[in-house]
Amino acid sequence: MKRYLIAGFVAAAAITLAACGSGGGSSSSGAAKTGSGAALSVRQVDGVGKVLVDSSGHALYTPAEEANGMVQCTGGCTAFWKPVSAGATLPATPAGVGTLGVVMRPDGTKQLTEDGKPLYTFVEDTSTTVKGNDFTDNFGGTHFTWHAIVTQASASAPSTPTTSSSSGSGYGY
């Protein structure tokens with residue numbers, strides 16, 4: 001009898017773990033605002049400079065911690081910082097922007113990069129606001145500092161935060 005109980009418990013635990021793992025760290029749902037071949041452009045942002053934006057006018061960011069091209073923003077991080085998906089073809093590169101490319105995310109999706117750095121949008125931004133520049137937060141034990149992608153043409157412009165920095169609780173919730 002004990003043998004059947006243990007086998008039943010093991011089977012139930014396996015099913016539970018499988019169900020938990022199916023949506024755990026994936027960022028593929030809602031992962032992108034910029035899709036395959038979508039247009040990128042540059043927009044002047046007061047206090048930041050000329051910023052790379054997606055086709056919806058949202059600023060694109062990269063965290064300093066991913067400068068080496070290694071994706072660290074996964075799980076809960078992608079609830080606030082949406083990876084910009086890379087489609088079958090790369091969008092045209094606006095003047096003053098580095099080289100666009102693709103990196104494979106841990107969940108198997110493709111993410112757009114600029115000079116090897118993975119690109120994201122910030123959920124608190126709109127097409128008229130840039131709130132994530134120089135923003136700091138923590139996810140999964142990793143501290144992130146986010147920077148808007150400023151074109152080379154305005155790289156000498158001072159970069160000042162448009163909102164105050166946070167240690168993880170600045171999302172307005």
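Me: What is the handedness of the link of Cys73 and Cys77?
Reply: This is a predicted model, where local features need pLDDT of at least 70, side-chain atom pairs count only at pLDDT 80 or more, and totals for chains, interfaces and linings use all residues. Residues are numbered from 1 along each chain as its sequence is written, and side-chain values use heavy atoms, with hydrogens and water left out. The angle about the S-S bond of Cys73 and Cys77 is -105 degrees. That link is left-handed.

Me: Which residues does the disulfide join?
Reply: The structure holds 1 disulfide (a pair of cysteine sulfur atoms within 2.5 Å). Its S to S distance is 2.0 Å. The partners are Cys73 and Cys77.

Me: Are Cys73 and Cys77 buried or exposed?
Reply: Buried means under 20% relative accessible area, exposed over 50%, and partly exposed in between, with a 1.4 Å probe and protein chains only. By that scale, both Cys73 and Cys77 are buried.

Me: What pattern does the chain follow along the sequence?
Reply: Helices (H or I, at least four residues) and strands (E, at least two) are DSSP runs, numbered from the N terminus. The chain has 1 helix and 10 strands. Read in order, the pattern is α-β-β-β-β-β-β-β-β-β-β.

Me: Which strand gives the most to the largest nonpolar core?
Reply: A nonpolar core is a set of buried Ala, Val, Leu, Ile, Met, Phe, Trp, Tyr and Cys residues joined through side-chain atoms within 4.5 Å. The largest has 19 residues, and those with the most contacts inside it are Tyr61, Cys73, Cys77, Trp81 and Trp146. Strand S8 (120-122) and strand S10 (142-148) each give two or more residues to this core. The top contributor, with 3 residues, is S10.

Me: How many residues are in the second, separate core?
Reply: This core includes Leu40, Leu52, Val97 and Ile149. Its count is 10 residues.

Me: How is the pair of Trp81 and Phe135 classed?
Reply: Rings of Phe, Tyr and Trp (its six-membered ring) pair if their centres lie within 6.5 Å; planes under 30 degrees apart count as stacked, over 60 as edge-to-face and the rest as tilted. A search of the whole structure finds 10 aromatic pairs. The rings of Trp81 and Phe135 have centres 6.2 Å apart and planes at 55 degrees, so the class is tilted.

Me: How many residues apart in sequence are the parts that Trp81 and Phe135 tie together?
Reply: Trp81 lies in strand S4 (residues 81-83). Phe135 lies in the loop between S8 and strand S9 (136-139), so the pair ties together parts separated in sequence by 54 residues.

Me: Which aromatic pair is stacked at 5.6 Å centre to centre?
Reply: The planes of this pair stand at 25 degrees. Phe144 is buried at 0% relative accessibility, and Trp146 is buried at 0% too. The pair is Phe144 and Trp146.

Me: Which strands stand at the edges of the open sheet?
Reply: Two strands pair if DSSP finds at least two bridges between them. Here 3 strands run in the order S5-S6-S7, with antiparallel pairing. Each edge strand has a single partner, so one side is left without a neighbour in the sheet. The edges are S5 (100-104) and S7 (117-118).

Me: Which residue in S7 does Glu114 stand opposite?
Reply: Strand S6 (residues 110-114) joins S7 through 2 bridges, and the two run antiparallel. Opposite Glu114 stands Lys117.
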